[in-house]
Protein chains: 4
Amino acid sequence: MSTIKFAIAGLGRIGKIHLDNILQMDGVEVVAAMDPSKECREYAKNNNIPFITSSYKDLISMGDFSAILICSPTNTHADYVEMGALAGKNVFCEKPLDLSLKRVLEVLNVVNESGVQLMLGFNRRFDKEFKKVHELVKEDAVGKPHLVKITSRDPGAPPVSYIKQSGGLFLDMTIHDFDMARYVVDNEIVEVYAKGAVLVDPAIGAAGDIDTAVVTLTYTDGSMAIIDNSREAAYGYDQRVEVFGSKGMVQSNNIFHDSHKLYNKQGIHAANPLHFFLERYQEAYKTEIQDFVKGLSNGIQMSVDGNDGLQSLKIGLAAIKSLKENRPVKISEIV
Amino acid sequence: MSTIKFAIAGLGRIGKIHLDNILQMDGVEVVAAMDPSKECREYAKNNNIPFITSSYKDLISMGDFSAILICSPTNTHADYVEMGALAGKNVFCEKPLDLSLKRVLEVLNVVNESGVQLMLGFNRRFDKEFKKVHELVKEDAVGKPHLVKITSRDPGAPPVSYIKQSGGLFLDMTIHDFDMARYVVDNEIVEVYAKGAVLVDPAIGAAGDIDTAVVTLTYTDGSMAIIDNSREAAYGYDQRVEVFGSKGMVQSNNIFHDSHKLYNKQGIHAANPLHFFLERYQEAYKTEIQDFVKGLSNGIQMSVDGNDGLQSLKIGLAAIKSLKENRPVKISEIV
Amino acid sequence: MSTIKFAIAGLGRIGKIHLDNILQMDGVEVVAAMDPSKECREYAKNNNIPFITSSYKDLISMGDFSAILICSPTNTHADYVEMGALAGKNVFCEKPLDLSLKRVLEVLNVVNESGVQLMLGFNRRFDKEFKKVHELVKEDAVGKPHLVKITSRDPGAPPVSYIKQSGGLFLDMTIHDFDMARYVVDNEIVEVYAKGAVLVDPAIGAAGDIDTAVVTLTYTDGSMAIIDNSREAAYGYDQRVEVFGSKGMVQSNNIFHDSHKLYNKQGIHAANPLHFFLERYQEAYKTEIQDFVKGLSNGIQMSVDGNDGLQSLKIGLAAIKSLKENRPVKISEIV
Amino acid sequence: MSTIKFAIAGLGRIGKIHLDNILQMDGVEVVAAMDPSKECREYAKNNNIPFITSSYKDLISMGDFSAILICSPTNTHADYVEMGALAGKNVFCEKPLDLSLKRVLEVLNVVNESGVQLMLGFNRRFDKEFKKVHELVKEDAVGKPHLVKITSRDPGAPPVSYIKQSGGLFLDMTIHDFDMARYVVDNEIVEVYAKGAVLVDPAIGAAGDIDTAVVTLTYTDGSMAIIDNSREAAYGYDQRVEVFGSKGMVQSNNIFHDSHKLYNKQGIHAANPLHFFLERYQEAYKTEIQDFVKGLSNGIQMSVDGNDGLQSLKIGLAAIKSLKENRPVKISEIV
């Protein structure tokens, strides 16, 4: 098998993780990197990447690669994917493609016409806990799914400045849960009812967003999912999924710092869940990029594609509308 | 302390449980029993109850008791409580008082004017698992509550004939969860959104009811509860509560047949939850009646009173309306 | 089925428990009670027992019963069982029969010749956790047993005065574990190696006993058991069993106050094991007496008989010898 | 900080793991590798190691490194460590140094006189589960330790050919537990009693070894440890530690494939422990080498040194003697 040549655009926190993971893989070579920040370009240099630039155009012009990883800020995703696709490159892009449905549809159209492969970075699908749930549901271990329960709580709220441009809770955080709801039971959502509140930090409310939410999703067959979110769980990162069906139930649990149990006069004590997504999903990020490379090599459909990004965005936009109008919103209303 | 004299009306499944529990208590005597069924009266006789009748009027006329337990069918509750109250008896009544809001208000009015004590049989409040959650929330162990999650799934659906007269899922089953939602955080509900489906048994749908449901409740302070229900959990009776707040989270779990773990080539295996509410709440029923007796002796406010019955009924009626109209319904709409 | 008439000798802590449990059973009547203490005889009177005496001889002379429960102090067991057997009564006796092997053999001889039934009060065999382990081992769920692990730790040491006459740790506490070791795998012990220390309270050492111990037992087939004991576990009563075999492993766990989990900044917290044997084995005591009554009714071999008492005593005596001589001791040396 | 130059001797299974881990570290460079096998030298070549040889003498002669990793077969350890030490190299050596006490003492003498640093590869000390137990014991979370319980069971027996030259169960497997017993409570062993049996495979017995064992260890202060071993646990690799003390107890648990729970009619099902030590201790191997490098850089005492190897060997030899003579053996007898 010949080596696959990669370019990477964006070497911030998540870009660095992807780069490190790729550099440990066989059959893959990173030939070019792009980042406007000097510190990030330095990082590329230290990793012996031959071509380094601060301009995405230059990166694309360099040309000697077949796949590109886009890890730059969200507002560049759509343009960069489009340019990459037009240049015939297969693309891995961090989610979301864009916050505008119209723009996402345009980009997917370009990708489609270019005939390149596109994978979206829904990293949680590659977490072994959630994969196991998916696998057991697929094997009919719980029978026909009736109820899906997703708990997703962050250890602390991001800066309000981030929230202002992220699209808010439903588009920067719950969007992972919308994807999870579709993933674990391989079914589509037709209706959304979202309820939210500002209970963690009034500044989030002042910025026009919520920090605590409960969302009810209805699938095509009438089965239902419930998601609960909080921007701030005192005990760390809380990420659990439960699927209940005609034959039983499967639950995934958090991953903990360690498994010790301390018994004393006061009771029994154990370690908290891993504190943040970077720890929790460390392995998932590796598996994700391996999956992308596998998709490239096999010339097959990517496991998480543009449509997955599109559907999650639609559910997110429906949730926003539902919260605003305090009524259930059909996905078909989101056009 | 002098002995408290009791009468009991209704010696079906739940009446027998209460009778057995009372007979084991000190300072309490059961002097009269009423049931239209010969088998049930026989049961009273075998327990040496001196006065036994098939007529509730006769029971009330007998008169030589200060407290009465009403365990007869739901459609007799309102009349029996009213008659008991007018006769100056303190009343313990199995829930619900009635399925009609108007009738419940009438009965509570009579109770109020009679100056008797009334306790409603929300047995789950006396389960040690839920009591512990309540206690920890009260002690501020989780801080200000933000989210309450209640899972309540039965091991099998009741006969359709029962469902036809029970008021349906929200009034015969979820009503316990509505009470639980109020109980664990000592807060009131202001809005309900209910979503349901027929996924277990089409006959339930044909009878006009649902068998699977997800309900979102909003509290006075904007915090939220989510309830998920199913009439049929393959693995037994599933009753869990989670309260998430500003300082942390508390979860209760099911009670299991035993705690064994069997490790073999196939994995690790453990016992299922107790299969039905009679097993699960065996101890809770004892504690409940003890609590009623304590309330009588102390002449204090009952721990679960008429207003608790009223509020749960209102939430249930709002859930029915919400399901029908597929929109959030304010409790204030239920009049 | 006709009613079985009982007498009970000894109404201390454990006698009261047995009496209460019998009084709740059908087909059983307690017609006579004996205790030297006035308070205990008062207890019998309040429970409407017709014949009450302070003399065991009088009790036996009264005669109108077929079974007798012996719950008096250990040093009376041998004589009382003997007298009961000679009078043709079936006997339930709290363990141990006696601390002297010679005396136990004499008593068992009398029981044998009298043709009465004898059951020993090894209550732990009736605990549902240990029963489940036994049942799974019997069903071959773990294959051929290779290793048995028994943890048995008390929440606090008894008074030194008690220890002085109890036979010490191996005969008053570990003896339950010796029985458990035989019970869970239905196999006999051939050799014992005991190691002990005074780590909890020097006063126990001054009284000639130990408070912490590790005992290795060897079964007839070379498989092994290990027991660890402490007189004082800060977190409550710790009673666990693990059986490891050719096909896998089964573990029982403690029973906890409740199943809550509290997550906060400091970690996850849960409730301690039940604090003492009275709580832990509350249900086991009921099942034990029901089992005795069943044994009586069916005229079958008792589930825990004189030989079980004898074997545990021999293992205990071997452990004492092993500790003293710091060498493994064969059961066959104990004569 | 200047780069530390490494040589590595032995690139079998464990050597490859160490090499891969070192290559991912900063401040470290592997300049030379030695292995008699062509395949292993090829592995070194593919990892761009400049100097590759099949002779340990050549490796030492090459000289341009300050530290050496010895991952060659056990029977070469003593000679290689000695030669490395004499050449002034700091040494990391896989355990055991040697199976002969005399030889170990000689080697440690040479190491001592050469003034080089020596670290022994007791990898389990670097497992986060055991580290947490050690840390909590050190922090006095369980008070004064009274009992240590170590369970260590392999998923399957090694080939009999391996057993014949490994020193047997106590020297190739339990030796890790002997080290663990010393590590978790920072205390020394003074006496050993070992009991063993052939219950897994008669071929192991024919080779003069046992496959199942129970070992009692006594510490300097009279507190005790118990170890149970099996060559074959049907459910995977079982590695647990429990320390019980005056203030409470701490337990570590196995690490499992994932945390899913599947509830169905048959019960609750979960995943097995990780199957083998390579999976279980993957992270521990990384931490171990990082610890060695840290020890080198800081010029401090190594965290696991020659004395640790010596003590574990002595306990192992005492266990062998104890098993043979069926009596407790003092460590002071092993000379």
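1. Let's start with a helix pair in chain D, keeping in mind that this is a predicted model. The crossing of α4(D) and α5(D) is left-handed. Helix α4 of chain D covers residues 74-86 and helix α5 of chain D covers residues 101-114; they pack at an angle of about 15°, and their axes lie 9 Å apart. Angles under 35 degrees count as roughly parallel, and α4(D) and α5(D) are therefore roughly parallel to each other.

2. Who meets whom there? On the α4(D) side you'll find A78(D), D79(D), V81(D), E82(D), A85(D) and L86(D), and they meet R103(D), E106(D), V107(D), V110(D), V111(D) and S114(D) in α5(D). Sorted by class, the contact of α4(D) with α5(D) has seven nonpolar, four charged and one polar residues.

3. Next, have a look at T218(D), which sits in strand β9 of chain D, residues 212-219. Is T218(D) buried or exposed? Its relative accessible area is 9%, and buried means under 20%, so T218(D) counts as buried. Leaving aside residues up to four places away in sequence, T218(D) touches E188(D), I189(D), V190(D), E191(D) and S223(D), along with K195(C) from chain C.

4. Finally, chains A and B. A turn of 180° with a shift of 0.0 Å along the axis lays chain B on chain A, with an RMSD of 0.0 Å. The two copies are thus related as by a two-fold rotation axis. Which residue of chain B comes closest to the rotation axis? That is R327(B), at 2.8 Å by its C-alpha. The same surface serves both copies, as 100% of the contact residues of chain B recur in chain A.

Definitions and conventions:
Residues numbered from 1 in each chain as written. Chains lettered and ligands numbered in written order. Predicted model: local features only at pLDDT ≥ 70, side-chain atom pairs only at ≥ 80, totals over all residues. Heavy atoms only, no water. Axes fitted to C-alpha atoms, helices over the stretch in contact; angles between N-to-C directions. Helix = DSSP H or I, 4+ residues; strand = E, 2+ residues; numbered from the N terminus. Parallel < 35°, antiparallel > 145°, perpendicular 65-115°, else oblique. Left-handed = near helix turned anticlockwise from the far one by under 90°. Contact = heavy atoms within 4.5 Å. Nonpolar A, V, L, I, M, F, W, Y, C, P; charged D, E, K, R; others polar. Buried < 20%, exposed > 50% of the residue type's maximum accessible area, 1.4 Å probe, protein only. Least-squares fit on C-alpha atoms with pLDDT ≥ 70 in both.
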